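Work through the exercises below with the structure open. Each task is followed by a stepwise solution.

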Amino acid sequence: MSQGKPHDQRGDALRFTTVRSDASLDASSRLLSIIVPLYNEEENVDPLCTQLLALADKIPERVEIILVDDGSRDGTPAAVARWAAQDARIKSIQFRRNFGQTAAMMAGIDAAQGDILIPMDGDLQNDPADIPRLVAKLDEGFDVVSGWRKDRQDEFLRRTLPSRCANVLVSWVGGVPLHDFGCSLKAYRRKVIKDVKLYGEMHRFVPIYASWQGARVTELPVGHHPRRFGKSKYGLERTFKLLLDLMVVKFLAKYLTKPIYVFGGFAILSFASAGLASVASVYLKLVEGVSFLATPLPLIMTLTTISGCLGVMMGLLAELLTRTYFESQAKPVYLVERTLNLEGEVVPHSLAYPSKKAA
Ligand code: UDP
Ligand code: MG
């Protein structure tokens with residue numbers, strides 16, 4: 001894994017110690033998969049497709065545009081179908097109901113054929129013109145280039161500020177120094193993203209998983225526009241979800257294969273507290289002549305002993321679950337209603353959750 005050094009003098013990008021030049025494919029023979037989740041974005045579909053197709057005509061790479069309709073209840077599916085009928089580069093997956101942005105992105109990733117995968121928002125807040133810059137940055141020898149909305153056009157107090165704090169925390173816990181995990185516009189080499197499996201709101205942590213698998217990760221400032229049509233689907237509550245997700249990620253990364261260490265560790269602490277409480281009660285009785293019934297010690301002993309026993313039992317259950325998890329078939333996190341211009345079904349891959357250990 002390459003270790004990121006702090007920002008360079010201009011502060012506009014991360015510089016890494018091990019930069020490898022990887023021009024294995026020339027530009028015209030490689031395929032870019034642009035993956036766009038759409039949820040009630042009817043007014044945005046036309047300008048989005050126009051901009052993306054104009055870009056596709058301009059750049060040397062071949063392009064496929066995968067529009068994942070996440071169960072929209074407005075005119076989005078119809079608009080997407082119109083574009084898919086006009087141009088075979090526009091492909092689409094339509095969910096039966098709203099499964100969330102992460103599931104939509106996962107479906108796009110599963111369907112993507114490209115050598116480079118580029119997720120972005122479908123609300124025109126990301127700028128397609130940044131895509132060639134991201135790809136050029138990948139060609140400098142990186143596996144993941146994450147967009148950084150340096151000049152973010154969202155409400156400051158409700159969105160931008162909590163997101164800044166969250167980014168500092170996620171960088172610290174995940175060990176990948178990025179300014180903006182929440183920016184959807186990123187570029188991935190196929191090999192680092194095809195095996196990733198995402199749950200909850202976890203698409204923003206992909207650079208972390210990737211880096212745990214040894215990917216070289218960097219960031220690049222990208223443009224950001226205010227939303228012109230439709231509404232944002234998120235508010236402040238997302239920050240709290242993100243904190244919980246972060247806990248899960250850390251737990252899965254470190255303890256997926258040995259959950260008993262977490263639960264058992266808690267149990268040992270509980271038993272130790274019970275032991276301390278009993279020593280204290282004996283001391284009080286013999287030395288101070290105080291009956292332990294006059295203190296909260298019996299309550300503490302009982303509670304900590306019970307929680308210790310529960311900790312051990314939950315740890316054993318978690319160990320069983322881990323085995324089931326690894327040894328059973330992975331279940332899809334979404335249901336596909338239909339696909340457009342895609343050959344065959346979208347088959348979710350069945351790889352286990354990536355973890356440092358499993359890598
Ligand atoms: N989105 C989605 N499913 C959802 C919520 C959002 O596919 O349940 C899509 C949405 O259509 C947009 C992208 O995810 O293309 C980002 O959503 P939004 O613009 O609401 O997020 P924000 O920019 O406000 O963080
Ligand atoms: Mg948006």
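## Exercise 1: Overall make-up

Describe the secondary structure, burial and contacts of the protein chain in this predicted model.

Solution.
1. The protein chain has ten helices and ten strands.
2. Of its 359 residues, 38% are buried.
3. Take contacts between residues at least 6 apart in sequence: 81% of them join residues at least 24 apart.

## Exercise 2: The sheet

Give the strand order of the eight-stranded sheet, then trace its edges and its pairing.

Solution.
1. The order is β9-β7-β8-β6-β3-β4-β5-β10, in an open sheet with mixed pairing.
2. β9 (217–222) and β10 (336–340) are the edge strands, each pairing on one side only.
3. From one strand to the next, the twist averages 20°.
4. β3 pairs with β6 (residues 116–119) in the parallel sense, over four bridges.
5. Leu32 is opposite Ile116 of β6.

## Exercise 3: Helices on the sheet

Find which strands α2 touches and which strands α3 lies across.

Solution.
1. α2 (residues 76–86) packs on the sheet and touches β3, β4 (62–69), β5 (90–95) and β10.
2. The direction of α2 makes about 155° with that of β5.
3. α3 lies across β3, β4, β5, β6 and β10.
4. α3 runs at about 155° to β3.

## Exercise 4: The ligand shell

Characterise the residues around ligand 1.

Solution.
1. The shell has 16 residues; Pro37, Tyr39, Gly122, Ser232 and Lys233 come nearest.
2. By class, five are nonpolar, six polar and five charged.
3. β3 (31–38) and α3 (101–111) each supply at least two shell residues.

How values were computed: Residues are numbered from 1 along each chain as its sequence is written. Chains are lettered from A and ligands numbered from 1 in the order in which they are written. This is a predicted model: local features need pLDDT of at least 70, side-chain atom pairs count only at pLDDT 80 or more; totals for chains, interfaces and linings use all residues. A residue is near a molecule or strand if its C-beta atom, placed from the backbone, lies within 6 Å of it. Ala, Val, Leu, Ile, Met, Phe, Trp, Tyr, Cys and Pro count as nonpolar, Asp, Glu, Lys and Arg as charged, and the others, Gly among them, as polar. A residue is buried if 20 or more other C-beta atoms lie within 10 Å of its own, exposed if 12 or fewer, and partly exposed in between; C-beta atoms are placed from the backbone. Two residues are in contact if their C-beta atoms, placed from the backbone, lie within 7 Å. Two strands pair if DSSP finds at least two bridges between them. Axes are lines fitted to C-alpha atoms, for helices over the stretch in contact, and angles run from 0 to 180 degrees between N-to-C directions.
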